[in-house]
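Biologist: Got a minute to go through this one with me? I'd like to hear the reasoning behind the labels.

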Amino acid sequence: MSEQQKPKKPKIPRQKMPEQNPIERAHNFYEVALGYDNDLALLEASRCLHCKKPYCMAGCPVEVDIPDFVEMVKKGDFIGAAWKVKEKNSLPRIAGRVCPQESQCESKCVLGKKGEPCAIGRLERFVADYAAVHGEGKTPELPKPTGLRVGVVGSGPAGLTLAGALIKKGVAVTVFEALHELGGVLVYGIPEFRLPKAIVKSEVDELRKLGVEFKTNWVVGRIETVDDLLEKAKFDGVFIGTGAGAPLFLKIPGENLNGVYSANEFLTRANLMKAYLFPQSDTPTAKGRRVVVFGGGNVAMDSARSALRLGAEEVTIVYRRTMEELPARAEEVHHAVEEGIKFQLLTAPTEIIGNETGWAVGVHCQKMVLGEPDNSGRRRPMPTDEFFDIECDTVIVSIGNGANPLVPSTTKNLETNKWGNIVADLETGKTSKDRVWAGGDIVTGAATVILAMGAGRKAALSMLDTFGIK
Amino acid sequence: MFEILEKERIGPGVNRAVIFAPEIARAHKPGQFIILRTHADGERIPLTIADKDADKGTITLVWQEVGVTTYYMGTMCVGDKLQDLCGPLGKPTHIEKFGTVVGIGGGIGVAPLFPITKGMHDAGNHVITIVGARTEGLLIMTEDMRKVSDELLIATDDGSFGIHGFVTQVLQSLIDKGTKIDLCVAIGPVPMMRAVVKVTKAANLPTVVSLNPIMVDGTGMCGACRVEVGGKTMFGCVDGPEFDGHEVDFELLMKRLAMYKGPELIALNKFRETDRGCQCTFPGGA
Ligand SMILES: Cc1cc2nc3c(=O)[nH]c(=O)nc-3n(C[C@H](O)[C@H](O)[C@H](O)COP(=O)(O)OP(=O)(O)OC[C@H]3O[C@@H](n4cnc5c(N)ncnc54)[C@H](O)[C@@H]3O)c2cc1C
Ligand SMILES: Cc1cc2nc3c(=O)[nH]c(=O)nc-3n(C[C@H](O)[C@H](O)[C@H](O)COP(=O)(O)OP(=O)(O)OC[C@H]3O[C@@H](n4cnc5c(N)ncnc54)[C@H](O)[C@@H]3O)c2cc1C
Ligand code: SF4
Ligand code: SF4
Ligand code: FES
Ligand SMILES: [Mg+2]
């Protein structure tokens, strides 16, 4: 590299990540962002100042050693860098793709004060992909089995992280998953074009190689309860990582019309069941011409962009606030705009209109204005007396997920809060029930992949501590 | 993978298979169902557990060929394996000694009614079972039903076997005779359940129906199975599949069941053109 590096004011701009062009990608399910190559990674890493007081780390929920791993990238030691990341984050290929970096690590990077922050997420993705392709260099040595056994309910990022952390300490782990595929939201929710399923599969295979046992099609609470796992199957501990899997609806008229989906259903059909291959695959889904999506989070963006890829002519996101308040990752909003998704902002749906055969044909909407900030700090949307209709044939309700009551309702003495989330110590994952830990979305409510992973890691440490394993 | 140990055709387009699934057999209670996938690109479909043998570790499924997945299953043979089998799902039937229980099964609904009838009978109820079909050839599991019923009444729409008439007429005549009935359980095509409920509502008889909305996961995650009961939206897979028949919005259920009629037909036509599954011969032919 010939560019000069001035330590204080980097001249090198933040390196863009190559991606599929928007016109093409709007019609395929291949990954949108293509990742850095070696040169781009070296260039981007060279921007990092290797700060003595790395603010970036404080922004990362699992405190990845960012300065050191980026330093290793600078030196061309990509595999070493991947190992550095993995000390804290066991699923870096996933986090590098889906973390809301702009509000976490990158939001705190000093480079961001005067210019653009270091692209930590992209570098993390690069080194982890590099290590996966070029061999990890070493497989971790497993200690002698301790004879202890832990049962894990749910194979989302929380459960997988916990499984990895325990198996490396000689604790046998069995993961029970309700669905036929492992990975939780990573496989049924987040679409292929954002997180290829092959990556999730390779992470799961890695755990399997280490000896983690997986049981799919296994709904805890129906086939066996948590109490059965402890008492009959004699597990020494159980971790509940069942996620926030119960879709919420607005409870407005017309929500049970044909053509109205929860985002979970729409995305499950499209991703997990590969409805985009129908009729090669057997699961059908609406191939809407005009699709309306309610909500403004990642789930809404994923639903809108999936609908577009399934062949919709027009996809409109209906959101109560403005672009500034959209809770989705900035990159996803940007991609959605590029792909031609329309945004109907400051708008709340009040009714879904149906025809005589029971199909949705439109959405009745109310204009909103922003009022005073509410206790989340965001300005509260206030209704006006202006109404209008949007014509459509498909509606995707993407306003969030609540807690699935199946496990709490079938487990004795497990405390939940008023939203049905399991009450657990955020530092240790301990619940009100002896030998039972919980973490991820089932405890916090719908949050992020990295927080779920962090919760899995903390619960693993607490279990090891309880078991007396160093 | 879940192996098919026995398979037979018990009526035109109706199959029965015994499948090795020891954990499900052990956990199963009447009223519950499974969700299966035949192969890696297959869809998830729910079928009721029609019987089980916990000692042998088997469950019995009975299905009617209506579309791609059920036709494909019709071509599967002993020794073939189902890719996935998830269950038991759904709330078990509330079984206790009610007194006299009348079970009403129409068409393929006789299969899901069987374990409930057995459960009610084992609990000491006086069980009167009414099974019906369009014509004699379509009657299924009548001998199984006879074993678990105190009285068995058979009706065909065309009079080719048993009583000439609908199950609702048989039920009405029981009521008219002054039979003391404590609970009705009706399972069958939606129009049949709706008709039964009309009769029992007039006679003020508590009635349980088992609903069959379109499902995907079966765990409460997707909401595809939404039904309206007493004006409230419920998820068929976790809040049911059994509900108070007097409160169910059957019109909505019918409309929602037709949601994929278009694509399902396309898929079925395409399926018929291609050879899928093992091509062994079986009684009854394709
Ligand atoms: C469409 C979508 C897009 C998202 N995008 C992002 C993003 O870009 N970035 C980000 O950080 N976060 C994103 N999130 C949020 C993130 O995916 C979740 O916060 C995270 O997956 C939670 O992990 P978890 O391990 O707690 O649970 P989950 O991932 O929800 O996994 C729970 C698992 O438990 C299983 N389970 C449930 N009940 C039972 C039972 N009784 N028995 C057995 N198994 C059971 C479920 O089937 C599931 O597989 C997104 C979420 C969705 C839905
Ligand atoms: C709890 C429950 C228990 C059931 N038990 C039995 C049983 O014991 N025996 C039996 O023969 N049938 C049963 N059914 C119905 C059975 O699931 C459908 O007949 C089957 O899914 C049809 O699939 P297909 O691909 O062959 O036909 P398709 O052509 O795909 O569908 C035919 C019709 O079946 C319904 N259907 C389609 N997909 C689904 C789905 N995923 N879930 C539910 N219904 C669907 C729709 O109304 C559709 O129009 C049950 C349904 C439910 C919900
Ligand atoms: S795990 Fe997420 S927040 Fe932490 S460094 Fe990586 S991308 Fe940033
Ligand atoms: S704050 Fe930014 S510049 Fe400093 S070490 Fe972290 S990533 Fe590098
Ligand atoms: S089938 Fe998905 S919630 Fe009932
Ligand atoms: Mg089908």
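Modeller: Sure. It's a predicted model, and the unreviewed UniProt entry lists Val62(B), Trp63(B) and Gln64(B) under "binding site".

Biologist: What makes Val62(B) buried or exposed?

Modeller: Buried means under 20% relative accessible area. Val62(B) has 6%, so it's called buried. It lies in strand β6 (residues 58-64) of chain B, and its contacts beyond four places in sequence include Ile10(B), Ala50(B), Ile108(B) and Met141(B).

Biologist: And why is Gln64(B) called partly exposed?

Modeller: That label sits between the under 20% and over 50% cut-offs. At 33%, Gln64(B) falls in that range, so partly exposed it is. Gln64(B) is also found in strand β6 of chain B. Setting aside residues up to four places away in sequence, Gln64(B) touches Gly13(B), Val14(B), Thr70(B) and Ile108(B).

Biologist: On to α9(B). How do you know that its end-to-end distance agrees with the expected span?

Modeller: The helix covers residues 261-273 of chain B, 13 residues in total. At 1.5 Å a residue the span should be 18 Å, and the end C-alpha atoms are 19 Å apart, so the two agree.

Biologist: Which residues of α9(B) are buried, and what do they pack against?

Modeller: Ala267(B), Leu268(B) and Phe271(B) are the buried ones. They cover an arc of only 100° around the axis, so they sit on the same side of α9(B). These buried residues pack against α2 (68-74) of chain B.

Biologist: What's on the face turned away from that buried side?

Modeller: Leu265(B), Ile266(B) and Glu273(B), which are exposed.

Notes:
Residues numbered from 1 in each chain as written. Chains lettered and ligands numbered in written order. Predicted model: local features only at pLDDT ≥ 70, side-chain atom pairs only at ≥ 80, totals over all residues. Heavy atoms only, no water. Helix = DSSP H or I, 4+ residues; strand = E, 2+ residues; numbered from the N terminus. Expected span 1.5 Å × (residues − 1). Buried < 20%, exposed > 50% of the residue type's maximum accessible area, 1.4 Å probe, protein only. Arc of directions from axis to C-beta. Contact = heavy atoms within 4.5 Å. UniProt positions renumbered as here; feature names shortened; annotations may be inferred.
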